[in-house]
Amino acid sequence: MQTLRHLLGGAAVTILLWQILCTVGDWNEALFPSPPRTLAGLGELIASGVLAYDIAASLLRFAVGYLSSVLIALVLGLVLGWYSRVWAYLSPIAQVLRPVSPVAWLPFIVLFFGIGEAPAIAIIFLAAFFPVLLSTIAAVQKIEPVYLRVAQNFGIGQPQLFTKILLPAVFPQVATGLHLALGTAWVFLVAGEMVGAQSGLGFLIIDARNNLRADLLMAAILVIGVLGLALDSVMGLAERRLYRRWGMGGKA
């Protein structure tokens, strides 16, 4: 309930400042729409069914790109964190590739996969990969030795050692990487959908810009922000359920 009050209060303050800026700036609403004009544009998108279609397309691409990236990065992170000598050779390569923006790879992604769905999914994959990989490796390398001794005493071997000991032990630190990866991947989703996609929120922004509909563009921006907040909240809920499942109620 308190979180809802904070959310509504923050939204009210933002809308108030937005309206004040529009009033003081005295810009043409065709260039910088006011909250009522944006709300009308949002209603237009909802009534036409365009918004629901584009949201569904974006969420599907995001789910494929993000979940596949997290799964691969998590498995690789557990393995490379455990076999630290192998990671010592691969770490310089990862540190060189990590700062490169996923958008920088776009010409090669288009060359390999063409235009359409694949570039957006590939960019989401790249945006989410390194935060999860590096946080997982760091967490495994810092794991308390007592966990390994307990596993040895109970005769726990592979793959149970990874699934029942390592993963729960490193998850609090990995969860930070998952949140960071989610936000980064959601940001780059829009960039990916601007390359040849014919649907999605990124395409909606490009289409609104090309048609000089700043109200629809602003409405799309608001929807992207709200959906990003909702996705982060869903992840937080899933994280708390995992903590309870593993008997880590204090982390909730």
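What is the volume of the largest pocket? In this predicted model, the largest pocket has a volume of about 480 Å³. Its lining comprises 16 residues. Those closest to the pocket centre are Ala11, Ile15, Trp18, Leu222 and Val226. Three elements each give two or more residues to the lining: helix H1 (2-25), helix H2 (35-48) and helix H10. By class, the lining holds 13 nonpolar and three polar residues. No charged residue lines the largest pocket.

Helix H10 also packs against helix H9. Two packed helices are described by the angle between their axes and the distance between the axes. Helix H9 spans residues 201-210, and helix H10 spans residues 214-245. Their axes come within 8 Å and cross at roughly 160°. Angles over 145 degrees count as roughly antiparallel, and H9 and H10 are therefore roughly antiparallel to each other. The crossing of H9 past H10 is left-handed. On the H9 side, the contact is made by Leu201, Leu204, Ile205, Ala208 and Arg209. H10 contributes Leu216, Leu217, Ala220, Ile221, Val223, Ile224 and Leu227. Eleven of the residues in this contact are nonpolar and one is charged. None is polar.

A second helix pair has another geometry. Helix H3 covers residues 50-82, and helix H4 covers residues 84-97. The axes of H3 and H4 come within 5 Å and cross at roughly 110°. Angles of 65 to 115 degrees count as roughly perpendicular, which makes H3 roughly perpendicular to H4. Leu80, Gly81 and Trp82 make the contact from H3. From H4, the contacting residues are Ser84, Val86, Trp87 and Leu90. The contact of H3 with H4 has five nonpolar and two polar residues. Charged residues are absent from the contact of H3 with H4.

Methods:
Residues numbered from 1 in each chain as written. Predicted model: local features only at pLDDT ≥ 70, side-chain atom pairs only at ≥ 80, totals over all residues. Heavy atoms only, no water. Axes fitted to C-alpha atoms, helices over the stretch in contact; angles between N-to-C directions. Helix = DSSP H or I, 4+ residues; strand = E, 2+ residues; numbered from the N terminus. Parallel < 35°, antiparallel > 145°, perpendicular 65-115°, else oblique. Left-handed = near helix turned anticlockwise from the far one by under 90°. Contact = heavy atoms within 4.5 Å. Nonpolar A, V, L, I, M, F, W, Y, C, P; charged D, E, K, R; others polar. 1 Å grid on protein atoms, 1.4 Å probe; cavity = no way out; pocket = protein on both sides within 12 Å on 5 of 7 lines; lining within 4 Å. Points joined across faces, edges and corners; volume = space filled by probe spheres on them.
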